[in-house]
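Here are my notes on this one, point by point. Have the viewer open while you read.

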Amino acid sequence: MLHSFSLFRQVSSLHKGSTNFRLLSNLQKNGFNSSAIDKLIPFRQKLSTWLKQDSSKAKLLSFRLSGLGLSLLAVPTLRRIECKSANTLNRRAEHIKREKLAEVEPGLALSDLWALMKPYLGWFLLAVVSAVATAMLNVEIPLRLGELINSIAGIIREQGAGHAIDIGVIQPAATRLVSLYVIQAALTFCYITFLSIMGERMAADLRVKLFDRLLHLDMAFYDAQKTGELSSRLSLDVHEFKSSFKLTVSQGLKTLVQVAGCFVSLIRLSPKMTGLTMAAVPIVILVGSICGALLRSLSRRAQAQQAIASSVADEAFGNIRTVRSFAMEQQESTLFKQEVIRGAAMQEQLGMGIGVFQAGTNLFLNGVVLGVLYGGSQLLSTGDMSPGGLMSFLVTAQTIQKSLSQLSIVMGTSLKGWTAAARVFQFANLVPGIQNSEGICIPHHSFVPDIHFENVNFVYPTRPGHVVFHELNLTIPAGKVVALCGPSGEGKSTITSLLERFYEPHSGRVTLGGKDLRELNTEWLRSKVIGLISQEPVLFHTSILENIRYGRPEATDEEVREAARLANADEFVSNFPHGYQTIVGERGTQLSGGQKQRVAIARALLKSPPVLILDEATSALDVESERLVRDALDRAISGRTVLVIAHRLSTIQNADIICVIKNGGVAEQGNHRELMRRKGLYYALVQAQSTND
Ligand SMILES: Nc1ncnc2c1ncn2[C@@H]1O[C@H](COP(=O)(O)OP(=O)(O)OP(=O)(O)O)[C@@H](O)[C@H]1O
């Protein structure tokens, strides 16, 4: 208890946004659990953020409570499902759910929307004009209809019943009406087409902008995001925004103009009846806004639930080999089913809620129409209104009724679209901390690729409580092979990430060729200087040829073959029926582990980088495969500055320098013979490994 209290006091003394490396490093060395520190720091930061944002949190809370009426309906159904699946992987789903519900919806800046629409303003104006004109015609048509009925009624009155109507007399009114219908059809075509063009182009722009931005964001961003979430923003959210934009502008604008125009028409037709009809409006607005709030809350929770089901599926597909090898298909399927049923139950309730709302609204508004009919017949009998006038009043009132129910759907959809756009722009507006194209490229002739880590302090942004490096100093001389070894989780891979500038040191610096990495052009650094051969070779779903060429698209087929020959890959690739054109699956399925590694080595060799990082494979290869890979690697490293992460110490005995990484720094260094003589950490590691072997 005292221990925890002292830990909390020490952690609480950290300033927000800063990392006290000495303190954290001491806490870790003294046995404090880093995950406990991790938990406390965000807690402290969350608390202060909560206090700062209290007003918006309060709003959110009241919004959630407003959904209580309908969420009560959901409880019994969900309980039943929960009981059935209590012994499945619920905790994973619970975790995802907590994350989803804790997400605060981002806001949308109008300037972002404006920037997106600006290139298509011409289409937008044409669409708006056509939609408004269509709406005005919708107002005008009932009046013209009334005019036609009045002229027919006039003829019948003049001629008496039983005579055929002289078409010539009603022709002008009929022609006007037909022309209006034709114009209305043409205008409808125009606004739908213009909005379609604009919506599709804006959605394409948004997708491209978002994808481009995501590709350039820092690694720290990816540490905190799920890839499924990113693709959902690229596809679903953009789609939602596009559809709702089109609907809002076309139907929303049209209905608003229609309601306003129809209202004016009603007053012109009969101010008295308009006054009576309008008495119903406040009731509609009040009931509409209460139901709207309830439905919005339910809709948000239903959407979050759907996202949970998608996350479960994404994880299962992404880790399909693990799922298979632990025979967890049934459990994964049950978990997915449980989340899908839960989502479906919520969607059903939402559907039911919308049904109740719309049925009630229709019933009420139809009652209003009956009232109008009753009032109208009274006015008809006193001669205060013509039959055509009553007909126009009824059609106009019904147009308003339809428009209002249309408007409530449009509002729901535009809210969804607004939220979706906000979510897209939330990522599209992020600025990468590490800019790719800024900085210098050292000319080839004066470039000596020696690397220095000088007093580097580092924590991962997603784990601010865990110090990875405290005052790390490490030198990798040009043209030498430096191997990193040490216990697991001590930071060997992190050194390579800092060298590739995936992350920035908190303090201290990393230099290459005498220049701080921050001064160098990152694109040049990654594409021309550093080559990486990682533990898990990553292949794309394309031909072997294109996989090797990845990173140097301008390389000729012959250069690709030459790289494959050096990497001992040419022979097995040529033996495939389609040779270099063989398509490999997303994760290089249909290639063996050793073959994948040799393709990855060929890819790195094609770049011919002066600095090579080798994250040695831990996966066991058979003797022949290992010999081929090792042979390829020996060729790959000759004449280069090489940083090797060694998992099996037997592979690094010939390295020029071996560094043991421990406790946030280099604990020991020298060549194999020196370190064995010293009988220190390296010696102990070698002993431990040979005992295990
Ligand atoms: N992306 C990340 N975000 C947060 N913490 C990370 C991340 N990657 C690694 N870590 C943490 O940083 C520490 C160093 O990890 P690193 O992968 O560099 O160790 P390593 O020595 O290469 O381990 P191994 O030998 O097991 O591969 C570990 O405690 C790890 O949990």
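1. A definition to start with, for the handedness calls below: a crossing is left-handed if the near helix is turned anticlockwise from the far one by less than a right angle, and right-handed if clockwise. Keep in mind throughout that this is a predicted model.

2. With that in hand, go to helix α20 (residues 557–566) and helix α22 (residues 593–607). The crossing of this pair, α20 and α22, is right-handed. Their axes come within 8 Å and cross at roughly 125°. Angles over 145 degrees count as roughly antiparallel and 65 to 115 as roughly perpendicular, so α20 and α22 end up oblique to each other.

3. Next, helix α9 (residues 167–216) against helix α11 (residues 227–269): the two pack at about 155°, and their axes are 9 Å apart. α9 and α11 are therefore roughly antiparallel. The crossing of α9 and α11 is right-handed. If you sort the residues of that contact by class, you get 15 nonpolar, six polar and six charged.

4. What about helix α13 (residues 281–318) and helix α15 (residues 329–382)? Here the packing angle is about 165°, with 9 Å between the axes. That angle makes α13 roughly antiparallel to α15. The crossing of α13 and α15 is left-handed. The contact of α13 with α15 breaks down into 21 nonpolar, eight polar and four charged residues.

5. On the annotation side, UniProt (an unreviewed entry) puts the feature "transmembrane region" at residues 120–139, 178–199 and 276–295. Two of these spans can be set against the model. Residues 120–139 are 95% helix and 0% strand, and the C-alpha atoms at the ends of that span lie 29 Å apart. Residues 178–199 come out at 100% helix and 0% strand, with 32 Å between the end C-alpha atoms.

6. Now the ligand. Which residues come nearest to it? Of the 15 residues around the ligand, those are Ser 488, Gly 489, Lys 492, Ser 493 and Thr 494.

7. For polar pairs at the ligand, take Thr 494 to begin with: an N or O atom in its side chain is 2.5 Å from an oxygen atom of the ligand. For Ser 493, a side-chain N or O atom sits 2.8 Å from a ligand oxygen atom. Asp 223 pairs with a nitrogen atom of the ligand instead, and there the distance to a side-chain N or O atom is 3.1 Å.

Definitions and conventions:
Residues numbered from 1 in each chain as written. Predicted model: local features only at pLDDT ≥ 70, side-chain atom pairs only at ≥ 80, totals over all residues. Heavy atoms only, no water. Axes fitted to C-alpha atoms, helices over the stretch in contact; angles between N-to-C directions. Helix = DSSP H or I, 4+ residues; strand = E, 2+ residues; numbered from the N terminus. Parallel < 35°, antiparallel > 145°, perpendicular 65-115°, else oblique. Nonpolar A, V, L, I, M, F, W, Y, C, P; charged D, E, K, R; others polar. UniProt positions renumbered as here; feature names shortened; annotations may be inferred. Near = heavy atom within 4 Å. Polar contact = N/O pair within 3.5 Å; in protein donor to acceptor, adjacent residues only side chain to side chain.
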